[in-house]
Structure formats: C-alpha cells, structure tokens
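Hi,

Here is the structure I promised to pass on. Have a look first, and my notes follow underneath.

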Amino acid sequence: MTERKVYILLTDTGTFFTKLIKLYTKKPYNHASISFDSELSEVYSFGRKKVCNPFNGGVVKEDVRQGIFKEADCAVYSLTVTEIQMQNMKRYIQEIEGHKEYYRYNFLGLFGFICKNPIEREKALFCSQFVASVLKECNIIDFEKPLSLIAPDEFQEVTELQLVYKGNLRAYASKEEGNKLPIPVQYIPAEL
C-alpha cells in the first residue's frame, strides 16, 4: 500500500479573536488546519470566511501566504496515512464543502469548551473540532474525548504526528516554494 503524508498546521495569527482565545488557553497556537501537501497549498479548516469578519465562519480553504497568515507563527506536523485514508479524508472534506451553506462556525461549542462541557451541534464546528472530525471520521485517529473539547494545542500530543517545522509560517512557505526539503525543526532549547 502506498503511504502518503497529511499535514496538521497549528497557527497563531495574532488577530484580536486569536488573542482572546489565547488569554484563556495560554497556549502558543490557537488555530488548527489540515493540508494534503507539504507546500500547504491545499489547506482546510473552519474559520472566518472573510478576513474582516471573524463572526462569519464555516469551512474554508485557507491561503497561508496571505491575509491573517502573513505574520503567523506556526507548527507543522506530518501524519503518515494510506492512499485510501487520504482519499477518504478528501472525500469527507469535499462533502462538507459541497454543503457548506448548511455548516456554520460552532461559537456555542467554544463556550462549551471553556466550561469543559461539550456542546455538539449538527453541522457546526470550530477549527480543531473540524480537524479532529476529519481524522476520526476517516478512521485515522480515535480521540478519547468529545471532539468539541479538543483544542488546537492537543494535536501536539498525538503520538502519530511528527513535528516537521516550528517558526514563522512565511519562512516555511517561502522555503517550500524553493523546494528545499526537508525543512528542519528549529532547535528550541529546553527551559532550565
């Protein structure tokens, strides 16, 4: 069976909404996306449909080279999957995209997350809930807790994920465009 790589992208875009979330989580990354290529040219998440309006959200294909991502910090993780699993994930996302008018951002789920009380709503997701649902629904990772309680930083603890890069997203994107692979993980000294 052919093995493929899927990429989980965690970002800190520095937007007002992200800063609010960061006040609560105290974590470096507060947005999660999934990509089907190392160049991050095909990136999907649940987030703002228009840069200027954080309250109009849903499934989005993100351009990580523009807008709110231009100055973002990130961590990129890879996950090895089979060709069939890759196709299943793409199909799952295409199904959501095909019915995107019925999907919305799960703002109530964010409040449930804060209260540690899952609020599951039909066709309503937030970013990390979306990424987790892609992985779970396609039988790749079975999370032990409700998907509406999974925060972006928790992907860093998934043993199947391998850290590929940590640093400025623009630097990662420009290195990828220059085809300089693999990109080393920046050395981060342990705190004493």
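Which residues form one aromatic cluster? They are F46, Y103 and F130. I paired rings of Phe, Tyr and Trp (its six-membered ring) if their centres lie within 6.5 Å, calling planes under 30 degrees apart stacked, over 60 edge-to-face and the rest tilted.

Before the rest, the small print. This is a predicted model, where local features need pLDDT of at least 70 and side-chain atom pairs pLDDT 80 or more, while totals for chains, interfaces and linings use all residues. Numbering runs from 1 along each chain as its sequence is written, and side-chain values use heavy atoms, with hydrogens and water left out.

Back to the rings: the count comes to six aromatic pairs. One of them is F36 with Y44, tilted at 55 degrees between the planes and 6.2 Å centre to centre. F36 is buried (under 20% relative accessible area; exposed is over 50%, partly exposed in between, 1.4 Å probe, protein chains only), at 6%, and Y44 is buried too, at 7%. Y165 and Y172 make another tilted pair, 5.1 Å centre to centre with 45 degrees between the planes. Y165 is buried at 1% and Y172 at 0%.

Then there's helix α2, residues 83-98 (helices are DSSP runs of H or I, at least four residues, numbered from the N terminus). Its buried residues are M86, M89, I93 and I96. They sit on the same side of α2, because they cover an arc of only 90 degrees around the axis, taken from the directions from the helix axis to the C-beta atoms. On the other side, I84 and Q94 are exposed.

Cheers

Terms used. Helix = DSSP H or I, 4+ residues; strand = E, 2+ residues; numbered from the N terminus. Expected span 1.5 Å × (residues − 1).
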